[in-house]
2 protein chains.
Amino acid sequence: MIEHKTHTLADQVFERLETDILSGVYARGEILIEMELCQKLGVSRTPVREALRRLQQEHLVEEYGKGLKVLGVTTEDLQDIMEMRLRLEGFAAARAAERITEEQLQELKETLDLQEFYLGKHDSDHIKGMDSKFHELVYKFSDSVVIYDTLTPLHNKVQRYRQKSVENNSRANLSVKEHRAIYEALAAHDPKAAEAAILEHTKNAKNHIMKG
Amino acid sequence: MIEHKTHTLADQVFERLETDILSGVYARGEILIEMELCQKLGVSRTPVREALRRLQQEHLVEEYGKGLKVLGVTTEDLQDIMEMRLRLEGFAAARAAERITEEQLQELKETLDLQEFYLGKHDSDHIKGMDSKFHELVYKFSDSVVIYDTLTPLHNKVQRYRQKSVENNSRANLSVKEHRAIYEALAAHDPKAAEAAILEHTKNAKNHIMKG
DNA sequence: CTTTGTATGATTGTATACAATTATACTGCA
DNA sequence: TGCAGTATAATTGTATACAATCATACAAAG
């Protein structure tokens with residue numbers, strides 16, 4: 001989102017751990033030991049600890065006895081998340097429709113095109129990646145830190161959950177079409193249409209996820 | 001929200017700094033120097049740094065050159081926040097209506113009674129405090145970490161903003177009445193009524209804040 | 001065999017030392 | 001006087017040392 005040119009070690013550790021937790025490298029319930037992380041990542045405890053504090057702040061890990069336990073996403077969490085996204089995604093999309101620039105539209109379109117490309121290749125990992133990126137970009141292009149900070153963690157946790165479930169190809173196909181509809185509305189700078197399109201998309205995503 | 005019996009120094013520093021930023025002790029744009037904070041709080045850099053990383057994670061401070069700058073809440077942020085709260089508070093209240101226990105209702109009632117008490121005394125600091133606590137409790141009693149984590153930072157930032165504006169007594173009066181309506185709906189375990197009541201309250205709060 | 005107490009080890013919390021970077025101020029030169 | 005360059009100081013980033021706490025295992029007593 002923001003230009004992180006000069007990653008400090010602490011930043012790198014944070015991003016690595018966040019990715020690993022979201023992608024399931026660390027299982028739900030697993031206990032993290034600082035020194036193990038230090039050895040694995042080749043840094044001292046200080047940057048590891050700072051990264052852990054940030055993860056704790058966004059409830060990806062929580063205190064457990066003395067150490068830290070990796071938090072998973074329960075089905076109940078997911079229900080709450082999708083309900084909240086149903087209520088918020090439309091707002092984000094409407095804002096993006098008002099504010100998105102031509103350059104940003106171009107970036108969004110490239111993401112969309114790539115997603116279609118990977119769909120043709122049946123490369124579900126990359127499809128998922130582009131799917132994620134598309135939504136992140138919409139949050140970003142809403143040009144509101146509040147929207148970005150609120151929706152990104154919610155979306156991340158859904159990704160974390162979907163890691164577990166098998167990918168469904170027919171849904172991937174529809175999902176790309178829905179993304180295209182969202183893109184068209186944003187390109188037309190039509191807030192109402194964008195809100196409607198993303199609401200439809202989120203509804204379908206919710207139904208799909210809750211079934212799986 | 002969770003029982004924090006054995007506050008570590010880092011936790012204490014975090015809470016202190018968070019409170020101080022939200023209450024305006026540190027002005028928007030102010031640069032925080034680690035050593036100054038250490039001396040002021042009488043601890044070493046380690047707990048201070050960990051606290052700062054957590055504040056950074058919830059965007060109460062941000063990197064600025066080498067150091068950290070205190071972030072304020074702009075009017076535009078506030079518009080976004082209130083718009084999102086309009087969409088989310090109802091969900092939180094509905095959940096709370098389904099799940100709240102008798103004991104929790106008692107706690108909520110005590111908060112409400114105190115707010116009325118302070119209203120009689122025209123003690124606007126304590127009125128605000130109880131107002132805040134009431135909403136925090138609703139988030140907490142929704143018994144959903146997702147709801148709590150999403151709405152608490154939004155609410156906190158509103159408090160931060162209101163710090164600047166003068167308190168309006170007539171609004172405080174109405175606000176208590178609206179809180180009572182919310183409480184009644186929760187006590188009746190009526191999700192629809194709770195959602196309607198808190199939506200009304202949030203709408204009014206939004207109008208009041210945006211005017212001020 | 002169970003339970004309790006103690007000792008030992010593992011792990012985290014905190015402080016501090018050191019390195020690297022950046023801002024600042026001063027000096028010399030044009 | 002103005003500017004550039006360099007030296008110096010301030011500040012953060014990282015590593016490590018030390019203290020405190022907690023869990024575990026083992027031994028002894030009932």
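What follows is a short chat about the contact between chains B and A, one residue of chain B, and the domains of chain A.

Me: What kind of model is this, and how are residues numbered?
Reply: This is a predicted model, where local features need pLDDT of at least 70 and side-chain atom pairs count only at pLDDT 80 or more, while totals for chains, interfaces and linings use all residues. Residues are numbered from 1 along each chain as its sequence is written, chains are lettered from A and ligands numbered from 1 in the order in which they are written, and side-chain values use heavy atoms, with hydrogens and water left out.

Me: OK. How many residues does each chain put into the contact?
Reply: Chain B gives 30 residues and chain A gives 30 residues, contact meaning heavy atoms within 4.5 Å.

Me: And what area is buried there?
Reply: About 3000 Å² between chain B and chain A, with 55% from carbon and sulfur atoms. Buried area is the accessible area (1.4 Å probe) that two parts lose on being put together, summed over both.

Me: Which residues of chain B lose the most area?
Reply: B:Gln57, B:Met84 and B:Arg87, together 22% of what that side buries.

Me: How many salt bridges between the chains?
Reply: There are 10 between chain B and chain A, each a side-chain nitrogen of Lys or Arg within 4 Å of a carboxyl oxygen of Asp or Glu. One of them joins B:Arg49 to A:Glu50, with the closest N and O atoms 2.7 Å apart.

Me: Which helices of chain B supply at least two residues of that side?
Reply: H1 (9–22), H3 (45–57), H4 (75–99) and H7 (145–162); helices here are DSSP runs (H or I, at least four residues), numbered from the N terminus. H4(B) gives the most, with 12 residues.

Me: Switching to B:Asn156: buried or exposed?
Reply: B:Asn156 is buried, at a relative accessible area of 16%; buried means under 20% relative accessible area (1.4 Å probe, protein chains only). B:Asn156 sits in helix H7 of chain B. Leaving out residues up to four places away in sequence, B:Asn156 touches B:Glu18, B:Leu22 and B:Glu136.

Me: Now chain A. What are its domains?
Reply: Domain 1 (9–70) and domain 2 (75–211), with bounds from an automatic or database domain assignment. Their centres, taken over C-alpha atoms, are 27 Å apart.

Me: How many residues are in contact between them?
Reply: 11 residues of domain 1 of chain A are in contact with 5 residues of domain 2 of chain A. The area buried between these domains is about 540 Å², 50% of it from carbon and sulfur atoms.

Me: How many salt bridges there?
Reply: The count between domain 1 of chain A and domain 2 of chain A is 0.

Notes:
Buried means under 20% relative accessible area, exposed over 50%, partly exposed in between (1.4 Å probe, protein chains only).
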